[in-house]
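The report below goes through one protein model, with the side-chain contacts taken before the overall totals.

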Amino acid sequence: MKLPGPIHLLSDPSISLLKRIRVLMANEEGVQERLDHFVKLIASAMKVNVASIYLRSGEDLELCATKGLKQSAVHQTKLALGEGLVGRVAQRARLLNLANAPKHPSFAYKPETGEEKFQSFLGVPLLRGGRNLGVLVVQSKKARRFTEVEVENLLTVAMILAEIAVEDERAVDKQGHMDGIRLAPSRPETFVGKAFADGLAKGRAYLHQPPVLAKRMLASNVPLEEERMETAIAKLRKSVDAMVSGATNQLDRASKDIFESYRMFAYDRSWVERLRTAVHSGLSAEGAVERVRNEHRARMLKARDPYLRARLHDLEDLANRLHRILGGEDLSGGARELPQEAIVFARNLGPAEILDYDRSRLKGIVLEEGAATAHATIICRTLGIPLIGQTEGVLDRVEAGDEVLADGDRGQAFIRPSRDAKEDFTVRIGMRQALNKAFEAQRDLATRTKDGKDVSLLLNAGLLVDLPALDRVGADGIGLFRTEFQFMIAESMPRLSEQIEFYKGAIEASGDRPVTFRTLDLGGDKILPYADPVPEDNPAIGWRAIRIGLDRPSMLRYQLRALLTAGAGEHLRIMFPMVATVSEFIEAKAHMAKEISRAKKLGIKPPKKLEVGVMLETPALAWQIDAICKHADFVSIGANDLMQFFFAADRDNPRVANRYDGLHPAALSLLAYIAKRCKVHNTPVTVCGEMGGHALEAICLIALGFSNLSMPATGIGPVKSAILALDAGKLAKIIKPLMSSSTDADSLRERVVAFCAKEGIPI
Ligand code: PEP
Ligand code: MG
């Protein structure tokens, strides 16, 4: 994509204009006075006869301040969107530069303004956060087109004005709010996305990438800002180079393509030149980034072509990165303070970025992207944070501090909700509480189907804060303890003693209930902020999990040492992730054997019972099931990975992640086969992927013969309710005949839903 060419340096008068704007902003004036001052400053600095500000008032544009037109027209003259030249600028979000305005076919004569005597016209949109707030216009008697320098100056001023206007409007104590002028979006809006993590949350919007405040947009010391900008660009390029070569933060899990286009933009001469020029004109480095970003945003919103939109999105991300560098943030995120009851809005978040937020305040998350089995989603489900994903365009419509209702059950976000929506939500929260009470009431009942099958419901956990949920939801133990989460939230590699403490904490909190520790499953989208990842084209099928453990056994050995020490005298269950061949499992067990004999030599008490299992996450291992059952004490199906490899659909890529259903007959027959072979070998088997935590999928798994399901805490209540009402034999009779390879259905979901409706199974 070609970026616009370099802009010219701003002329001296505009530099002094920016300085004067700084002074103006420091004054404690009312909103109207500020605007009046603003237009005077512009008219004199640009040596024009007229400078006017039109702001959005409902669907119209209202003349709010002018120097040069008749003052009596202020707050009287209104234009519809698209009406006249001003309306045209606003509607198209594009500047208009005319030498002979009255001759233009769109010119609308407004006699009360007395503007007919002015020939030249330059109108620029007031853009903020991708929204169009109004129009800034300069006019002259002389018929001439404005120069490129003048146009650039006015665009810069328009950006600052837009920010000031919104800040003024939002400052509650500001005197003289203008009647009817609403710049920040104020209407209720509902966004329908995907329900990735259930739950209902009320709160206030918090933007993961907040906008730059107007007062931070102007430089107090231009050379210093120039230096800041140069340093930031150099750091940005370095970080982008590192991303391309895979050597730094890939929490966003963006594809190499995206990194490549990042690099293209980071080195694009015209982009960098525009940033430099903007700083040279008197903007702060942050203001310059914002100024250049605004142009791209306006184009992005208009771009229909998805490829172009995606590339412009990359530029937006790059601008965000520059902001973070300028703010002194290290690009791996960093702990973030949150206001109370925060609903975080972002384009996408990686798992570590979520864990960086203060959990007691983080109530919900709304993403423009996201995927159902991405690790960020799993974290939200584990923590019980509602997550709504794939809500396209939401970032352009939400303002920090807006009231928000996040409905993770239905995948909806209500921004500035109406009274009706709030009432409805309150009712639903009440219903949910009642449901939770019902789950609580069934907590101590045996989990048994109507036809007498006992099922064990286990918890997926990874942090010590997850553990109180064991009692709260009445789980039978921890079926999957994702040990890498501790590593991901740490500042540096946890020491042996820290690991031991951590595992001991989990064992103690579980009491008599079993805990199954999974050894580190790093790689893919689970990156340690303090380690140097290796560049890879396909990290999900790359150097991850047990592959790292076997190639660099010291970390694996260290972890096994910690687990054996923590589990001294206890019932200890350990499993290895992402095993693809029996020999890998045997090799991993050999490391374990060495650690066991080391512990023996040191006199460490052995576990009272040690079980070593395998995660079945690769289709290849399903075809070695008879062999692996001879070596493993138990099998745990990582259905998230198993399905992504089975269907060859990246679980983190929203374009393909939802393309295939886990209730596809082919997937079910694979799972049924595993269950059957494990039964033949008398090897206990658990399903610990996300599917086990959804009532509908869970009952299918039970019908296929599974009796151990491990899931996030939020899944246990609903899954148990469904099991209590299930006749597994009846369901098996319906789905098993449909699982043959001659079935052409893409999913058995509808059949199962119909079965549940008939049987009165709550799903
Ligand atoms: C899985 O793949 O299903 C699994 C449980 O492991 P993770 O989601 O952590 O990759
Ligand atoms: Mg997995």
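## Charges over rings

In this predicted model, R573 lies over the face of F634, at a distance of 3.9 Å from the ring centre. A further arrangement of this kind involves R144, whose charged end sits over the ring of F146, 4.6 Å from the centre of that ring.

## Aromatic pairs

The count of aromatic pairs comes to ten. Among them is the pair of Y206 and Y357, which is edge-to-face, with 6.0 Å from centre to centre and 85° between the planes. This pair links distant parts of the chain, since Y206 belongs to strand β9 (residues 200-207) while Y357 is placed in the loop between α10 (351-356) and β11 (362-367), and the two are 151 residues apart. Both Y206 and Y357 are buried.

Another of the pairs is formed by F481 and F502, whose ring centres are 5.7 Å apart and whose planes stand at 65°, so that this pair too is edge-to-face, the angle being over 60 degrees. Because F481 lies in strand β16 (residues 478-482) and F502 in helix α15 (residues 496-510), the pair ties together parts of the chain that are 21 residues apart in sequence. F481 and F502 are both buried, and ring pairs link them with Y503 and F517 into a cluster.

## The magnesium ion and helix α21

Which residues are the protein donors of the magnesium ion (ligand 2)? They are E617, through OE, and D641, through OD, and they lie 2.0 to 2.1 Å from the ion. The two donors come from distant parts of the chain, with E617 in the loop between β19 (609-616) and α19 (619-622) and D641 in helix α21, 24 residues apart. E617 has a relative accessibility of 2% and therefore counts as buried, and D641, with a relative accessible area of 2%, is buried as well; the cut-off behind this assignment is under 20% relative accessible area, with only the protein chains considered.

The helix that carries D641, α21 (residues 639-646), is mostly covered, in that seven of its eight residues are buried. The buried residues of α21 are A639, N640, D641, L642, M643, Q644 and F645. The helix is followed by A648, for which phi is positive, near 50°.

## Loops and positive phi angles

A580 is found in the loop between β18 (571-576) and α18 (582-601), and its relative accessible area of 14% makes it buried. When residues up to four places away in sequence are not counted, A580 touches R547, T618, A620, L621 and Q624. For one of these partners, A620, the C-alpha atom is separated from that of A580 by 5.9 Å, although the two residues are 40 residues apart along the chain.

Positive phi values also occur at two other loop positions, A93 and Q390. A93, which is not a glycine, has phi near 55° and is located in the loop between α3 (84-92) and β4 (96-98); with 15% relative accessibility, A93 counts as buried. Q390, likewise not a glycine, has a positive phi of about 55°, and its place is in the loop between β12 (387-389) and β13 (403-407).

## Helix α17

P553 is in helix α17 (residues 553-566) and is partly exposed, with a relative accessible area of 27%. Between P553 and A588, which are 35 residues apart in sequence, the distance from C-alpha to C-alpha is 8.9 Å.

## The chain as a whole

The protein chain contains 26 helices and 22 strands, and buried residues make up 57% of its 763 residues. Among contacts between residues at least 6 apart in sequence, 68% join residues that are at least 24 apart. The accessible surface of the chain comes to about 31600 Å², and carbon and sulfur atoms account for 51% of that surface.

## Confidence

The mean pLDDT of the protein chain is 86, with 89% of the residues reaching 70 or more. Over residues 1-13, however, the pLDDT is below 50, and this stretch has 42 contacts in the model beyond near neighbours in sequence. The pLDDT also stays under 50 over residues 247-255, for which the model has 31 contacts beyond four places in sequence.

How values were computed
Residues are numbered from 1 along each chain as its sequence is written. Chains are lettered from A and ligands numbered from 1 in the order in which they are written. This is a predicted model: local features need pLDDT of at least 70, side-chain atom pairs count only at pLDDT 80 or more; totals for chains, interfaces and linings use all residues. Side-chain values use heavy atoms; hydrogens and water are left out. pLDDT is the predictor's confidence in each residue, from 0 to 100. Contact means heavy atoms within 4.5 Å. Buried means under 20% relative accessible area, exposed over 50%, partly exposed in between (1.4 Å probe, protein chains only). Helices (H or I, at least four residues) and strands (E, at least two) are DSSP runs, numbered from the N terminus. Rings of Phe, Tyr and Trp (its six-membered ring) pair if their centres lie within 6.5 Å; planes under 30 degrees apart count as stacked, over 60 as edge-to-face and the rest as tilted. A charge sits over a ring if NZ of Lys or CZ of Arg is within 6 Å of the ring centre and within 35 degrees of the ring normal. Donors are N, O and S atoms within 2.8 Å of the metal (3.2 Å for Na, K and Ca); water is not among the atoms, so sites may look incomplete. Accessible areas come from the Shrake-Rupley method with a 1.4 Å probe; for residues, only the protein chains shown count as cover.
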